[in-house]
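Me: I would like to go through the labels attached to this model and ask what each one rests on. Please set each value against its criterion.

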Amino acid sequence: MQKNKSRKVDLKDLTQDQLVRFVESLGQPAFRGRQILAWIYRPGISEFSQMTDLAKEFRAVLSQAATMSRFDDYLVESSMDGTIKFGFRLKDGLVIESVLIPEEERNTLCVSSQVGCAMGCSFCLTGKMGFHRNLRTAEIVNQVCAAQEWSFSHERGPLTNLVFMGMGEPLANLESVLDAISILTEQRGLDFSNRRITVSTCGLVPQMQILGEQTGVNLAISLHAVDDEVRSSLMPINRRYPLQQLIEASRTYPQKRRKRVMFEYTLLEGVNDADTDAEKLADLLHNVPCKINLLSVNPTGDARFHSPKEERILEFQKILRDRGFTVFIRQSRGEDIAAACGQLAGKGWPVNQD
Ligand code: SF4
């Protein structure tokens, strides 16, 4: 159970089971925990005094022992294409970002799981920040709560999908991410279906299995190369979990029937965008139930990486389609406000490194 500086328990850190144990430690029956969970995530609830079906004395005990954190201090930036970037200042002064991507029939929130990232992928600005710290469960959940409130108050409707593709490697902060997903999918919590949640990983193989078994959420794998030499040069994690191991783990990822793992493949001109790369990719993913997202690299100020021309991307897609794969070309969103993939680095807010 995580405690904040004032030694009070932040109830936003707690899953339903943890909340039940917490109220039992205060001498209350288990159902009070479930009752409180339903209150915490109701819009507009920020004080224990608003929980009107709890006895006054118990509310007083709760306010001595617990708190309910929320993000009040944040910046919002709007992109020309409608993408919204939130910059949330954390209690210790560090900054994380989330990105709301409105589309015709969905509102997807891209959520952060760490401040910075230790994985060091060469085309990613978050990786260049280095690793500062893991986010607490509450800090993950509060991104969703704040974006949801903002979206409603700006008449954008509810969030429909969540993707863990913001700052950080979610599976390197597995415990908090699992607890956050538990709260996000709990009916008394934020009530998202696990079919609407996707966790993206650069390839932490053992943690992938745990994620699938415990949550059943969708998995996205950042692949970006078809041989170990190129992938290790782009993504150092490949030295620990090389391609064959990663692909095998994706084949056995536990998920619902008819669900498929998504492979993200960022096309880098002259690095991984040749016809032979597309053929090798098709060989590699042969018999893996999957979909492929092709992305072009977003500007990160790194002169080594350029996006291929549109014809090259279309040709790459065609080769894969001809081999029977479902392949999408994902349009970059929010580039003008540094909200696109690989661009999240807390820009606009100074990052306190004390
Ligand atoms: Fe970390 Fe993801 Fe960036 Fe790689 S791409 S450095 S895993 S945030």
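Reply: The questions below take up strands, a crossover, domains and a ligand shell; the model is a predicted one.

Me: What makes strand β12 (residues 261-267) largely enclosed by the rest of the structure?

Reply: A residue is buried if 20 or more other C-beta atoms lie within 10 Å of its own. Six of the seven residues of β12 meet that criterion, so the strand counts as largely enclosed.

Me: How do you know that strand β11 (residues 218-222) and β12 pair?

Reply: Pairing requires at least two bridges found by DSSP. β11 and β12 have three bridges, in the parallel sense, so they pair. Within this pair, I221 stands opposite F263 in β12.

Me: What makes β12 and strand β13 (residues 290-296) a pair?

Reply: The cut-off is again at least two bridges. β12 and β13 are joined by seven bridges in the parallel sense, and therefore they pair. V261 stands opposite C290 in β13.

Me: Why is the connection from β12 to β13 called right-handed?

Reply: The chain leaves β12, passes through helix α11 (residues 275-284) and arrives at β13. With the strands pointing away from the viewer, a clockwise path over the helix is the criterion for right-handed. This β-α-β crossover is assigned as right-handed, so its path runs clockwise in that view.

Me: How do you know that strand β3 (residues 74-78) and strand β4 (residues 84-89) pair?

Reply: Five bridges join them, against a requirement of at least two, so they pair; the two strands run antiparallel. Y74 stands opposite F88 in β4. The hairpin of β3 and β4 has five residues between the strands, and G82 there takes a positive phi near 95°.

Me: What makes domain 1 and domain 2 neighbours in contact, and how far apart are their centres?

Reply: The domain assignment gives domain 1 as 9-67 and domain 2 as 74-337. Taken over C-alpha atoms, their centres are separated by 34 Å. Contact is a matter of C-beta atoms within 7 Å, and 10 residues of domain 1 are in contact with 13 residues of domain 2. On the domain 1 side, helix α2 (residues 30-40) gives the most, with three residues. That side divides into four nonpolar, two polar and four charged residues.

Me: Which residues surround the ligand, and what is their make-up by class?

Reply: The ligand is surrounded by C117, M119, G120, C121, C124, T126, G127, G168, E169, C202 and S222. By class, this shell has five nonpolar, five polar and one charged residues.

Terms used. Residues numbered from 1 in each chain as written. Predicted model: local features only at pLDDT ≥ 70, side-chain atom pairs only at ≥ 80, totals over all residues. Buried ≥ 20, exposed ≤ 12 C-beta atoms within 10 Å, placed from the backbone. Helix = DSSP H or I, 4+ residues; strand = E, 2+ residues; numbered from the N terminus. Domains from an automatic or database assignment. Contact = placed C-beta atoms within 7 Å. Nonpolar A, V, L, I, M, F, W, Y, C, P; charged D, E, K, R; others polar. Near = placed C-beta within 6 Å.
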